[in-house]
Amino acid sequence: MVAEQFLKELPKCEHHLHLEGTLEPDLLFPLAKRNNVKLPDTFPQSVEELNKKYTQFKDLQDFLDYYYIGTNVLITEQDFFDLAWAYFTKVSKQGLVHAEVFYDPQSHTCRGISIETVTKGFKRACERAEREYGITSKLIICLLRHLEPKDCLTTIEEAKPFIQDGTISGMGLDSAERPFPPNLFIECYDKAAKLNANLKLTAHAGEEGPAQFVTDALDLLNVTRIDHGINSAQDDELLKRLAQEQILLTVCPLSNVKLQVVKSVSELPLQKFLDNNVPFSINSDDPSYFGGYILDNYLQVAKEFPQWDYNVWIKIAKNAINGSWCADKRKDEL
Ligand code: ADE
Ligand code: ZN
């Protein structure tokens, strides 16, 4: 296995990180208190109890049930700033140089918190991270696929000023995958793309869902990146296409284990992706829930793929830089 210090210093880009998924129990409870938010009686009532729950989830839905309760403690612009700032501070010590981060506006607007409040708080943290840590970033909104597509259209309308002025750089699709396939969101993606030709498009696909959802996301939603995408490995034609079009898969190893998508990181088809020239990046998804931030994910992969030498890791780092949505000038710096 390559040296830990090498992986720490390797310039890393994160493309799959839900800001709400960085809410650590030791911030969740103080925010609940600060904002007078009563957590459900069935929710763990202490940091220790909550950490215990986070050791394993049955599946994606089991995790999402906790995740959406957690988001309820976020109310003010300052809360959103504090959340994102805590994330940037942690990863500034892990060799992160560029982050393209998700948030779920609908989990806040449904509670009467405006997209403006959320976006301004996150944006302020991004700007400070660039100034103080040299970490550049992009904001990506995600549509919640378990909600009605017409609600998602409303969200896109509310996000319009931020999409048009470039504050929001991309749009994705997350939440429960299997019951809500990509074809339900064609109109949403069309609408968003028309608001700003520079808006980047991605979608969670092939996490719990089949390879067909990856193909559908590419064909029907015109995405240029796939979040997770690990089930693409079951379709050789799709692998060829991903390689040919250099579609980046934003893989999340610790997440896949915690949500029982695979039993261990060694089961992930990462060697197959490398052998087929399918680019992927390594990401943390919801680090406070899944037991590790970006470097922890890199280290776990290195441990379970000990045959990978320095050249393989340099290739992975370069693929992550190339697949980023930052300007070419920034890519050259990275
Ligand atoms: N929302 C936050 N994390 C997610 C994941 N891993 N899959 C789908 N939706 C999510
Ligand atoms: Zn995700």
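**Exercises on helix packing and burial**

In this predicted model, helix α8 passes helix α9 in a right-handed crossing, where right-handed means that the near helix is turned clockwise from the far one by less than a right angle. Residues are numbered from 1 along each chain as its sequence is written. Because the model is predicted, local features need pLDDT of at least 70, and side-chain atom pairs count only at pLDDT 80 or more, whereas totals for chains, interfaces and linings use all residues.

**Exercise 1.** Determine how the axes of α8 and α9 are oriented to each other.

*Solution.* Begin with the axes of α8 (residues 149-164) and α9 (residues 186-195), which come within 10 Å and cross at roughly 10°. Angles under 35 degrees count as roughly parallel, and therefore α8 and α9 are roughly parallel to each other. Next, look at the contact, which requires C-beta atoms, placed from the backbone, within 7 Å: residues of α8 including L153 and I156 meet residues of α9, among them C188 and A192.

**Exercise 2.** Establish whether helix α10 is mostly covered or mostly open, and find what covers its buried residues.

*Solution.* A residue is buried if 20 or more other C-beta atoms lie within 10 Å of its own. Eight of the eleven residues of α10 (residues 211-221) are buried, so that the helix is mostly covered; among the buried ones are F213, V214 and A217. What covers these buried residues includes α9, β5 (200-205), β6 (225-228) and α11 (236-244). Finally, α10 is followed by N222, whose phi is positive, near 60°.

Conventions: Chains lettered and ligands numbered in written order. Axes fitted to C-alpha atoms, helices over the stretch in contact; angles between N-to-C directions. Helix = DSSP H or I, 4+ residues; strand = E, 2+ residues; numbered from the N terminus. Parallel < 35°, antiparallel > 145°, perpendicular 65-115°, else oblique. Contact = placed C-beta atoms within 7 Å. Buried ≥ 20, exposed ≤ 12 C-beta atoms within 10 Å, placed from the backbone.
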